[in-house]
Amino acid sequence: STQHVVTARCPRRAPAIAAFLLAVCAATAPAGGQSFWLTPSPGSLDYLELASREWLVRLTEDVAVIQFYMQNLMSRRLDIVGPNTVQAFAARGTFHHLRRLGFRVAMEAGVVKPYWCGDLNARGAIDASADAIRNVHQAQGRVDYVSMDEPFINAIDRCTMLAAQVADRTASYMKGLRGAFPGLKVGLTEAYPRFDAERLATFEALLRHRGAPLDFYHLDLHLSEALRTKSMADVEQDVRVLCDHLQARGIAFGLIIWGEDGRSDFLYAEEAMKLVRLTRTLFRTARRPPAHVPLQSWTATPEGLVIVPRNLTPDEI
């Protein structure tokens, strides 16, 4: 194909990957050159089944990176993850299998959060992330990437910090983790439209100027919110501007595919497909399409459970 679109190969054996991965594949054509990141919802009821060697083997042709939330990997069990604890994954050999099968492992981690507003030099955040990474390493795995979960929006909106202060603390976190785990790649996830493209690009520059360059940048686009005040053309232009800024600096870009509606898997997939179509429109003729295609869920049900969507279809659980 001469068109650049979302480009991982769709599963030829239909291994019933997460519902949104199937939805993306149904709407895209293979062109090569990009990598899928799959991040199931932290409390997924069938997560442990998906993480078995049997199912991981079926993902090898289509998914390059499996990303866990830090809460799944911490020594202390948190209710949000349900049974999906690091101990449970380790018991079924998940991290060992991921490494042997050639997957890269990523972890999404908090850096500046409301409970860490006063975390000087990001010491608490570094310690929590290091604990999670060591747990994976002790289970014969390896964490290759850390994605920092929206430190700027959390710090500016909820800790009343200035952007420069957020950058100082985030850079300390990045340097601390990279020093403890050589070879670790660290990237940023930030929110749009809370910040426009120019401001999002500024965050990257603030970190670079502090000696903490990003390896990748994943955009958390809340499409319904953006379209309240912007046209689709304006949204598309903002994403292009940010992507061009990052690619010019050698930073891998990805637009997160996710669904805002957690009432059912079907409604989640419908919302995710809007971002698939946006991605196709944006980068169909791009000379350099995004390097990453992150497929991710943190969407809650009306009851507040982060279990949407299922990872396996009912007849295959």
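Let me start with one residue: leaving out residues up to four places away in sequence, Ala167 touches Phe152, Leu206, Leu207 and Arg210, where contact means heavy atoms within 4.5 Å. Before going further, I should say that this is a predicted model, in which local features need pLDDT of at least 70 and side-chain atom pairs count only at pLDDT 80 or more, while totals for chains, interfaces and linings use all residues. Residues are numbered from 1 along each chain as its sequence is written, and side-chain values use heavy atoms, with hydrogens and water left out.

Ala167 lies in helix H9, and helices here are DSSP runs of H or I with at least four residues, strands being runs of E with at least two, both numbered from the N terminus. With a relative accessible area of 0%, Ala167 is buried; buried means under 20% relative accessible area, exposed over 50%, and partly exposed in between, with a 1.4 Å probe and protein chains only. Its C-alpha atom is separated by 9.3 Å from that of Ala212, 45 residues apart along the chain.

That brings me to the helix pair. Helix H9, residues 163-180, packs against helix H10, residues 197-209, at an angle of about 50°, and their axes are 9 Å apart; the axes are lines fitted to C-alpha atoms over the stretch in contact, and angles run from 0 to 180 degrees between N-to-C directions. This makes H9 oblique to H10, since angles under 35 degrees count as roughly parallel, over 145 as roughly antiparallel, 65 to 115 as roughly perpendicular and the rest as oblique. From H9 the contact is made by Ala163, Ala167, Thr170, Ala171 and Met174, and from H10 by Arg199, Phe203, Leu206 and Leu207.

Phe152, which Ala167 touches, takes us to helix H8. Of the 8 residues of this helix, residues 151-158, 6 are buried, so H8 is largely enclosed by the rest of the structure. Those buried residues are Pro151, Phe152, Ile153, Asn154, Ala155 and Ile156, and their cover includes strand S4 (145-149), H9, strand S5 (185-192) and H10. Just after H8, Thr160 takes a positive phi of about 50°.

What about other backbone features? Most residues other than glycine have a negative phi, and most peptide bonds are trans. Asn121, in the loop between strand S3 (104-109) and helix H7 (123-138), has a phi near 60° and is exposed, with a relative accessible area of 58%. Gln140, in the loop between H7 and S4, has a positive phi of about 65° and counts as exposed at 51% relative accessibility. The peptide bond from Tyr192 to Pro193 is cis, with omega near 15°, and Pro193 sits in the loop between S5 and H10. A cis bond also joins Val308 and Pro309, with omega about -5°, Pro309 being in the segment after strand S8 (292-296).

Elsewhere, Asn72 in helix H4, residues 70-73, counts as buried at 0% relative accessibility. Beyond its neighbours within four places in sequence, Asn72 is in contact with Pro42, Tyr47, Val81, Asn84, Thr85, Val86 and Phe89.

Finally, the chain as a whole: it has 13 helices and 8 strands, and of its 317 residues 58% count as buried. Among contacts with a separation of 6 or more, residues 24 or more positions apart account for 79%.
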